Amino acid sequence: MKQGNPLAEANKRNPKDGVETTPPDLATPEKRAGNLIVLTGPSGVGKGTLTSRLLTEVSQLVKSVSVTTRKQRPQEVEGTDYFFRDKEEFDAMCREGALMEHATFAGNWYGTPRAWVDEQLVKGIDVLLEIEVQGANQVSESRPQSLLIFVSPPSFAALRDRLQGRATETAEKINERLEKAERELKQRHNFHYEVINDDIDVAVRNLVHIVYAERCRIRKK
Ligand code: 5GP
């Protein structure tokens, strides 16, 4: 009798027959710590919108609220958008080691409160930092296991249009941000992933996949 192709034969079977659907009986793994996820990229690239969308699509993921010396904008809420502090208070937090990273941006200071982030990570919750590039580089150094995602604009002209359309800054501040963006875009190869924010739905989908893929990672970086 002609011998059948064993692979083809196996494929004919009901996929549930004899197929192991649960992992082998491994020792109970330790509770997994949350992942620290850094979302960075030039100002005006849409990090804020992407973050809000990502938070609605993925559970067990929270955003860290930064401390800043920048003036509160009319629609912003203390403790939700930022903790607004004066420079003296900000400096005191730096001295006490209360900030995981900090950087100056367009004349203001920004920083990530360390304690709250670590509490979430210990609980197994993923924490997203939506921060500018200098701060992202600091986290990359101090927390080498963090996941680093760079958001790029589809083009430099698109970024300029976006910043001008936002109308929250003076022309001088916009130019400052554009000059900085040009330098930052050159650093995108230092990050693990690049997400181009052209079609927002595509960008969000890619981010969701990256966050889920990181949760499945075995070998650490
Ligand atoms: P904005 O003033 O437009 O809210 O933010 C300016 C820039 O600062 C943005 O690129 C934003 O991502 C970044 N930023 C916000 N919070 C932090 C932070 O805690 N650390 C750092 N390094 N950058 C931050």
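Here are some notes on the ligand site and the pockets of this structure, which is a predicted model.

1. Start with the ligand and its neighbours. There are 16 residues around the ligand, and those that come nearest are S66, R70, Y82, Y110 and E132. Sorted by class, this shell holds 7 charged, 5 nonpolar and 4 polar residues.

2. On the secondary structure side, two strands are worth a look. β5 (99–105) and β6 (108–113) each put at least two residues into the shell around the ligand.

3. Next, the polar contacts made by oxygen atoms of the ligand. K47 brings a polar side-chain atom to 3.0 Å from a ligand oxygen. G111 works through its backbone, with an N or O atom 3.1 Å from an oxygen of the ligand. For E130, a polar backbone atom is 3.4 Å from a ligand oxygen. As for how covered the ligand is, it exposes 510 Å² when taken alone, and the protein buries 95% of that.

4. Where does the ligand sit relative to the pockets? The space it takes is the largest pocket. That pocket holds about 790 Å³ of space. Its lining counts 31 residues, and G48, R73, Y82, E130 and R166 are the closest to the pocket centre. Two of these names have come up already: Y82 is among the residues that come nearest to the ligand, and E130 has the backbone atom 3.4 Å from a ligand oxygen.

5. Which elements build the lining of the largest pocket? At least two residues each come from α2 (47–57), β5, β6 and α6 (156–166). The top contributor is α2, which gives 6 residues. The strands β5 and β6 thus turn up here as well as in the shell around the ligand.

6. The class make-up of that lining is 12 charged, 12 polar and 7 nonpolar residues. For the shell around the ligand, the corresponding counts are 7 charged, 4 polar and 5 nonpolar.

7. Finally, don't skip the second largest pocket, with a volume of about 220 Å³. Its lining is made by R70, K71, Q72, R73 and P74, together with A106, N108, T168, E169, T170, K173 and R177. By class, that is 6 charged, 4 polar and 2 nonpolar residues. A couple of these residues link back to the ligand site: R70 lines this second pocket and is among the residues that come nearest to the ligand, while R73 lines the second pocket and is one of the residues closest to the centre of the largest pocket.

Note on methods
Residues are numbered from 1 along each chain as its sequence is written. This is a predicted model: local features need pLDDT of at least 70, side-chain atom pairs count only at pLDDT 80 or more; totals for chains, interfaces and linings use all residues. Side-chain values use heavy atoms; hydrogens and water are left out. A residue is near a molecule or strand if one of its heavy atoms lies within 4 Å of it. A polar contact is a pair of N or O atoms within 3.5 Å; within protein, one must be able to donate a hydrogen and the other to accept it, and residues adjacent in sequence count only if both atoms are side-chain atoms. Accessible areas come from the Shrake-Rupley method with a 1.4 Å probe; for residues, only the protein chains shown count as cover. On a 1 Å grid over the protein atoms alone, a cavity is a set of points where a 1.4 Å probe fits but cannot get out, and a pocket is an open set with protein on both sides within 12 Å along at least five of seven lines; lining residues have an atom within 4 Å of a point. A molecule sits in a cavity or pocket if more than half of its atoms lie within 2 Å of its grid points. Helices (H or I, at least four residues) and strands (E, at least two) are DSSP runs, numbered from the N terminus. Ala, Val, Leu, Ile, Met, Phe, Trp, Tyr, Cys and Pro count as nonpolar, Asp, Glu, Lys and Arg as charged, and the others, Gly among them, as polar. Grid points are joined across faces, edges and corners, and a volume is the space filled by probe spheres set on the points.
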